[in-house]
Amino acid sequence: MASARNGGDQGGAGEAPTRPKLLAGGAFVPPRGQGTQEAFDYEIRESSNWHAAQREGLAGADEYLDGVVDMEEEDIVELEPEEEEPTPAEMQRWRLRGRYISVKKPNIEDLTDHFNDVWHLRTGVNFAPLGKNWFTVTLFSEGDYNFVARGGPWIYRGYPLLFGKIVEGARPSETVLNSVPLWVQVYDVPWNRKKKSTAQLIGANLGKYLEVDLDADGRSPYDFLRVRIDIPVDRCLKPSITTQIPVLLHGGRPVCKSLVILQYLEDSFPGAGNALLPANPYDRAVACFWVAYADDIFFAAWIKSLKGTTEDEKAAGTAGALAALQTLEGAFRECSQGKPFFTGNEPGYVDVALGGYLGWMPAY
């Protein structure tokens with residue numbers, strides 16, 4: 001046997017070590033199964049510093065130190081650098097919340113196989129069911145994540161599968177997936193209207209505007225306007241839509257048609273400049289009447305004079321437009337009372353409405 005530094009025997013390579021020798025004042029404590037509990041407690045007290053601390057009147061064993069300790073010295077423990085485990089935020093990085101819009105419950109294996117075939121992902125995908133056709137969808141690379149999150153619409157067995165980002169700290173009850181992003185192609189848009197403002201208007205009418213496909217100059221490179229819109233799943237899709245121009249966008253909300261825009265501005269910004277409509281209720285009613293007359297009688301006749309299918313229809317339209325203009329001139333003389341505008345010295349509701357026609361027609 002080799003001798004250990006504390007005076008005990010040190011076992012060899014093939015030998016079991018023997019009992020170490022005790023230091024001065026120490027006592028061997030047998031296993032709990034040997035002796036009584038009282039003897040065990042006594043031996044613990046006799047072999048520890050607790051009894052000495054009590055004899056010297058110290059508050060506890062923590063205040064009894066065997067030897068001098070320099071409290072200003074610090075022990076520095078160096079640890080080998082280990083590979084950091086991913087944090088919860090990083091583990092959630094390529095995860096999406098998914099919702100299958102169907103009363104049918106999909107088979108997870110078939111669902112996974114189906115989208116592995118459809119997506120052809122580089123790193124695969126994992127669907128984890130959450131109940132009620134909700135899933136946690138795990139992707140394993142940024143490219144695959146962006147492809148699934150921004151692509152679509154994704155269809156499984158004839159029903160849409162919607163995806164949304166997982167918001168850290170959000171409750172499952174706060175996660176709402178009730179719309180599907182679609183690229184919509186809008187045809188026959190005026191050349192000067194193929195821009196972002198028109199796309200925002202169309203998006204606001206159909207759902208929620210997301211983005212528009214434009215070139216570096218901010219114009220559509222196609223013969224249509226390509227707009228990505230988040231469309232609610234409970235809204236029926238239409239094969240075609242009709243947009244109305246001009247449009248006012250105020251606070252992100254569209255207001256259509258010229259006369260409606262004028263009334264909206266009058267009500268939204270009272271006192272900002274001259275009023276378009278008279279304050280007197282009767283005068284206001286008269287102004288609205290002449291605006292309606294110009295729209296329904298004069299403008300309709302003028303359009304007929306331009307787009308009539310026969311020469312007789314065009315002649316009838318011209319005659320109707322001239323008669324309507326004579327009526328409007330009589331109304332102008334009566335309302336303006338010799339002043340330059342219908343409402344007096346400043347342009348008002350009727351003047352703005354009629355002035356919009358001047359650039360569209362030659363003198364009659």
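**Figure 1. Surroundings of Q200 in helix α6 of the predicted model.** Leaving aside residues up to four places away in sequence, Q200 touches Y209 and L249. Q200 belongs to helix α6, and with a relative accessibility of 31% this residue counts as partly exposed. The view also takes in R228, which lies 28 residues from Q200 along the chain, with 9.8 Å separating the C-alpha atoms of the two residues.

**Figure 2. Helix α6 and the elements that cover its buried residues.** Helix α6 spans residues 196–206, and its buried residues are T198, A199, L201, I202, G203 and L206. What covers these buried residues includes the strands β8, β9 (208–212), β10, β11 (247–250) and β12 (253–256). For the protein as a whole, which has 10 helices and 12 strands, buried residues make up 26% of the 364 residues. Among the contacts in the protein with a separation of 6 or more, 54% are accounted for by residues 24 or more positions apart.

**Figure 3. The tilted aromatic pair of Y187 and F224.** The ring centres of Y187 and F224 are 5.1 Å apart and the ring planes stand at 50 degrees, so the pair is classed as tilted. Because Y187 lies in strand β8 (residues 179–187) and F224 in strand β10 (residues 224–232), the pair ties together parts of the chain that are 37 residues apart in sequence. Y187 counts as partly exposed, at 48% relative accessibility, whereas F224 counts as buried, at 11%. Strands β8 and β10 are also among the elements that cover the buried residues of α6.

**Figure 4. An aromatic cluster and the pair of F115 and Y156 within the cluster.** The count of aromatic pairs in the model comes to 18. One of them is formed by F115 and Y156, a tilted pair with 6.2 Å from centre to centre and 35 degrees between the planes. This pair links distant parts of the chain, with F115 in helix α4 (residues 108–119) and Y156 in strand β6 (residues 154–156), 41 residues apart. Both partners fall under the 20% limit for buried residues, since the relative accessible area is 1% for F115 and 3% for Y156. F115 and Y156 belong to one aromatic cluster, which is formed by Y100, F115, W119, F127, F135, F147, W154, Y156, Y159 and F163.

**Figure 5. Two residues with positive phi, H120 and N133, in their loops.** H120 is a residue other than glycine with a positive phi, near 55 degrees, and its place is in the loop between α4 and β4 (125–131). N133 is likewise not a glycine and has a positive phi of about 65 degrees; N133 is placed in the loop between β4 and β5 (134–139). As for solvent accessibility, H120 is exposed, with a relative accessible area of 63%, whereas N133 counts as buried, at 11% relative accessibility.

**Figure 6. T138 in strand β5 and the residues in contact with T138.** T138 is found in strand β5, and at 12% relative accessibility this residue counts as buried. Not counting residues up to four places away in sequence, T138 touches W94, R95, G124, V125 and N126.

**Figure 7. The packing of helix α8 against helix α9.** Two packed helices are described by the angle between their axes and the distance between the axes. The axes of helix α8 (residues 281–307) and helix α9 (residues 311–336) come within 6 Å of each other and cross at roughly 155 degrees. Because angles over 145 degrees count as roughly antiparallel, this crossing makes α8 roughly antiparallel to α9. The crossing in which α8 passes α9 is left-handed. On the side of α8 the contact is made by V286, W290, Y293, A294, I297, F298, A301, W302, K304, S305 and L306, and on the side of α9 by E313, K314, G317, T318, G320, A321, A324, L325, T327, L328, A331 and C335. Sorted by class, the residues in this contact are 15 nonpolar, 5 polar and 3 charged.

Technical notes:
Residues numbered from 1 in each chain as written. Predicted model: local features only at pLDDT ≥ 70, side-chain atom pairs only at ≥ 80, totals over all residues. Heavy atoms only, no water. Axes fitted to C-alpha atoms, helices over the stretch in contact; angles between N-to-C directions. Helix = DSSP H or I, 4+ residues; strand = E, 2+ residues; numbered from the N terminus. Parallel < 35°, antiparallel > 145°, perpendicular 65-115°, else oblique. Left-handed = near helix turned anticlockwise from the far one by under 90°. Contact = heavy atoms within 4.5 Å. Nonpolar A, V, L, I, M, F, W, Y, C, P; charged D, E, K, R; others polar. Phe/Tyr/Trp six-rings, centres within 6.5 Å; stacked < 30°, edge-to-face > 60°. Buried < 20%, exposed > 50% of the residue type's maximum accessible area, 1.4 Å probe, protein only.
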